Amino acid sequence: MTSVPHISDAEWEVMKVLWAKTPCTANEVIEALADQTDWKPKTIRTLLNRLALKQAISYSQENKVYAYFPLVSEDECVKSETTSFLKRIYGGAFKPLLVNFLKEDHLSQEDIQELKNILDDKTK
């Protein structure tokens, strides 16, 4: 697939289920989301249909049972959403995002060391 479809927040929840275990029937997705959401089964089936229309997922049919599976990886979707966020909020520039993130008071020493290691690796 050449482009990653835009996935809504609700659709992300369905995709997370499919990325964790695939293929899944609609009932398995409904069961997996039962503890996390108060969505009705019809809502989840609608989200599955929307994702299929967006070509984010597909399905196979055996008898009257549909088994859904993702067509896009979680990594592809995360990268697409990150790029979209950077464009919308920071005009596509990464530095202001990083500066804003680093000003956050909640960084542990472990987080800081990990960021240093990532930056060190980038300069090699």
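Which helix is the place of Ile-30? Select Ile-30 and you will land in helix H2. Before going further, keep in mind that what you have open is a predicted model.

**Stop 1: Ile-30**

Stay on Ile-30 for a moment. At 15% relative accessibility, this residue counts as buried, because the limit for that label is under 20%. Now show its surroundings and hide everything up to four places away in sequence: Ile-30 touches Pro-41, Ile-44 and Arg-45. For a long view, draw a distance from Ile-30 to Leu-98. The two are 68 residues apart along the chain, and their C-alpha atoms are separated by 37 Å.

**Stop 2: the whole chain**

Zoom out and switch to a cartoon. You should find 6 helices and 3 strands, and reading along the sequence gives the pattern α-β-α-α-β-β-α-α-α. The radius of gyration is 19 Å, well over the 14 Å that the globule rule gives for 124 residues, so the protein is more spread out than a compact globule. If you align the view to the principal axes, the C-alpha atoms fill a box of roughly 55 × 35 × 25 Å.

Some totals are handy while you are at this scale. Of the 124 residues, 23% count as buried. The protein exposes about 9200 Å², and carbon and sulfur atoms supply 52% of that area. Among contacts with a separation of 6 or more, 50% come from residues 24 or more positions apart. If you colour by charge, there are 16 positive and 19 negative charges, whose mean positions are 7 Å apart.

**Stop 3: the largest nonpolar core**

Next, select Val-14, Met-15, Leu-18, Val-29 and Leu-48 and show them as sticks. These are the members that touch the most others in the largest nonpolar core, which has 21 residues. Helix H1 (9-20), helix H2 (26-34) and helix H3 (41-53) each supply at least two residues of this core. The largest share, 6 residues, comes from H1. In soluble globular proteins, nonpolar side chains tend to be buried together.

Which residues does Leu-48 contact, leaving aside its neighbours within four places in sequence? Centre on Leu-48 and you will find Val-14, Leu-18, Ala-26, Ile-57 and Tyr-68.

**Stop 4: Glu-11 and Lys-54**

Move to helix H1 and pick Glu-11. Is Glu-11 buried or exposed? Its relative accessible area is 2%, so this acidic residue counts as buried. Beyond four places in sequence, the contacts of Glu-11 are His-6, Leu-47, Arg-50, Leu-51 and Lys-54.

Follow the last of those contacts to Lys-54, which sits in the loop between H3 and strand S2 (57-62). Lys-54 is partly exposed, with a relative accessible area of 30%. With residues up to four places away in sequence set aside, Lys-54 touches Pro-5, His-6, Ile-7, Ser-8 and Glu-11. For another distance to draw, try Thr-83: this residue and Lys-54 are 29 residues apart along the chain, with 19 Å between their C-alpha atoms.

**Stop 5: two positive phi values**

In that loop between H3 and S2, select Gln-55. Its phi is near 65°, a positive value in a residue other than glycine. Gln-55 counts as partly exposed, at 48% relative accessibility.

Then go to the loop between S2 and S3 and pick Asn-63. Phi of Asn-63 is near 60°, again positive in a residue other than glycine. Asn-63 is exposed, with a relative accessible area of 68%.

**Stop 6: Phe-69 and a cis peptide bond**

Step along to strand S3 (residues 65-70) and select Phe-69. Its relative accessible area is 29%, which makes Phe-69 partly exposed. Leaving out residues up to four places away in sequence, Phe-69 touches Thr-22, Pro-23, Ile-57, Ser-58, Tyr-59 and Ser-60. Phe-69 and Thr-25 are 44 residues apart in sequence, yet 9.0 Å apart in space, C-alpha to C-alpha.

Two of the residues that Phe-69 touches, Thr-22 and Pro-23, are the last selection of the tour. What is the peptide bond from Thr-22 to Pro-23, cis or trans? Display omega and you will read a value near -5°, a cis bond. Pro-23 lies in the loop between H1 and strand S1 (24-25).

Methods:
Residues numbered from 1 in each chain as written. Predicted model: local features only at pLDDT ≥ 70, side-chain atom pairs only at ≥ 80, totals over all residues. Heavy atoms only, no water. Core = buried A, V, L, I, M, F, W, Y, C linked by side-chain atoms within 4.5 Å. Buried < 20%, exposed > 50% of the residue type's maximum accessible area, 1.4 Å probe, protein only. Helix = DSSP H or I, 4+ residues; strand = E, 2+ residues; numbered from the N terminus. Contact = heavy atoms within 4.5 Å. Rg over C-alpha atoms; globule rule 2.2 N^0.38 Å. Areas by Shrake-Rupley, 256 points an atom, 1.4 Å probe, with all protein chains shown as cover. Lys, Arg positive; Asp, Glu negative; His and termini not counted. Charge placed at Lys NZ, Arg CZ, Asp CG, Glu CD.
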